[in-house]
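Hi,

Here's the structure I promised to pass on to you. Have a look at it first, and then read my notes underneath.

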Amino acid sequence: MRLFDCNMSFGRLMIKPLRYSETARDLLNEMDYYGIDEAIVYHARQKDDSPDVGNRILLDEIRGFDRLHGALAILPPQTGEITIESLIESLRSENVCAFRAFPSEHRYLMSMVSLKPLYDLMVERNIPLFISADESCCGISRWRLIEMILSEAPDLTLIVTDHGCWGEDRFFRPLIEKYENLYLDISKYHMDGGISDFCKNYGADRLLFGTGYPHLNPGGTILMLMHADITSREREMIASRNLERILRRIKI
């Protein structure tokens, strides 16, 4: 069974976890150890430093590694730090397939007022946007922020990562029912019977395999997926097929 990880990062972090990969090649070695075939990745500098600087480091690092697909950090285009044109150019010429938002670290609002040109681009070209449920923005709770994003851009393909191990279904199940392009990674979905009950009620096509490496050990997520009380077909959908379907929809 192929494993396509939607939530991995590499690079030296400001607060270092117990184990991390400093380079793209180091990350590939970790992926080989755990049997992960491909991954959508971002670089620590995209989050801890300037997104523009981090994006360039990411592109340099993953160039030539077909198993690694980059997610570019975004900013409101009004400041001129990251332009729509530069993002489109990277999508066309580099191994890039997604955008990622860090609104808390980079101090911006995820509103249509701030990001309308980017939302229009992502919707028109089916480019997925990743955001962590660990984040908050200007005092707005993480799930309230996600609800705001989807209410303003309901056709956006939004992938929410790191949504917590205590069972946040009361937050996300109403959103899953309303927004058909909302997806969840399973990196922290460590609730007993959580995956199987979700699949029973909503199907397996809205869950994506993600490990949260290096903040989490990939082995835990792999073990959870392999032993979930779901069918082999559902397991394969979560492991790679759902993410591959999302990526096939992208119009470069």
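Strand β4 (residues 96-101) runs alongside β5 as a parallel pair, with three bridges between them. If you want a spot to zoom in on, go to Arg100, whose bridge partner in β5 is Phe130. Keep in mind while you look that this is a predicted model.

As background, strands of a sheet pair through backbone hydrogen bonds, and the pairing can be parallel or antiparallel. Here the pairing is parallel in an open sheet of eight strands, ordered β1-β2-β3-β4-β5-β6-β7-β8. Which strands stand at the edges? They are β1 and β8, and each has a single partner strand, so one side of each lacks a neighbour in the sheet.

So is β1, out at the edge, buried or exposed? Seven of the seven residues of β1 (residues 4-10) are buried, so the rest of the structure largely encloses this strand. Its pairing with β2 (residues 38-43) is parallel too, over five bridges, and Asp5 sits opposite Ala39 in β2. To get from β1 to β2 the chain goes through helix α1 (residues 24-34), and that β-α-β crossover is right-handed.

One residue of β1 is worth a closer look: Ser9. It counts as buried because its relative accessible area is 2%, below the 20% cut-off. Apart from its neighbours within four places in sequence, Ser9 is in contact with Leu27, Tyr42, Tyr213 and Pro214.

Those last two names come up again in the backbone. A bit of background: most peptide bonds are trans, and most residues other than glycine have a negative phi. The peptide bond from Tyr213 to Pro214, however, is cis, with omega near 10°. You'll find Pro214 in the loop between β8 (207-208) and α10 (218-227).

Then there are positive phi values to look at. Asn126 has a phi near 55°, and it is not a glycine. It lies in the loop between α6 (112-125) and β5 (129-132), and it is buried, with a relative accessible area of 13%. Asp162 isn't a glycine either, and its phi is positive at about 60°. Its place is in the loop between β6 (158-161) and α8, where it counts as buried at 11% relative accessibility.

Now for the helices. Two packed helices are described by the angle between their axes and the distance between the axes. How do α7 (residues 142-152) and α8 cross? Their axes come within 10 Å and cross at roughly 5°, so these two helices are roughly parallel to each other. On the α7 side, Trp143, Ile146 and Glu147 meet Phe171, Phe172 and Leu175 in α8.

Helix α8 (residues 169-178) also packs with α9 (residues 194-202), at an angle of about 30° and with the axes 12 Å apart. Why does that count as roughly parallel? Because the angle is under 35 degrees, α8 and α9 fall in that class. Their crossing is right-handed. Phe172, Arg173, Ile176 and Glu177 of α8 make the contact with Asp197, Phe198, Asn201 and Tyr202 of α9. Try clicking on Phe172, since this residue of α8 takes part in the contact with α9 and in the one with α7 as well.

Cheers, and have fun turning it around!

Terms used
Residues numbered from 1 in each chain as written. Predicted model: local features only at pLDDT ≥ 70, side-chain atom pairs only at ≥ 80, totals over all residues. Heavy atoms only, no water. Buried < 20%, exposed > 50% of the residue type's maximum accessible area, 1.4 Å probe, protein only. Helix = DSSP H or I, 4+ residues; strand = E, 2+ residues; numbered from the N terminus. Pairing = 2+ DSSP bridges. Right-handed = clockwise from strand over helix to strand, strands pointing away. Axes fitted to C-alpha atoms, helices over the stretch in contact; angles between N-to-C directions. Parallel < 35°, antiparallel > 145°, perpendicular 65-115°, else oblique. Left-handed = near helix turned anticlockwise from the far one by under 90°. Contact = heavy atoms within 4.5 Å.
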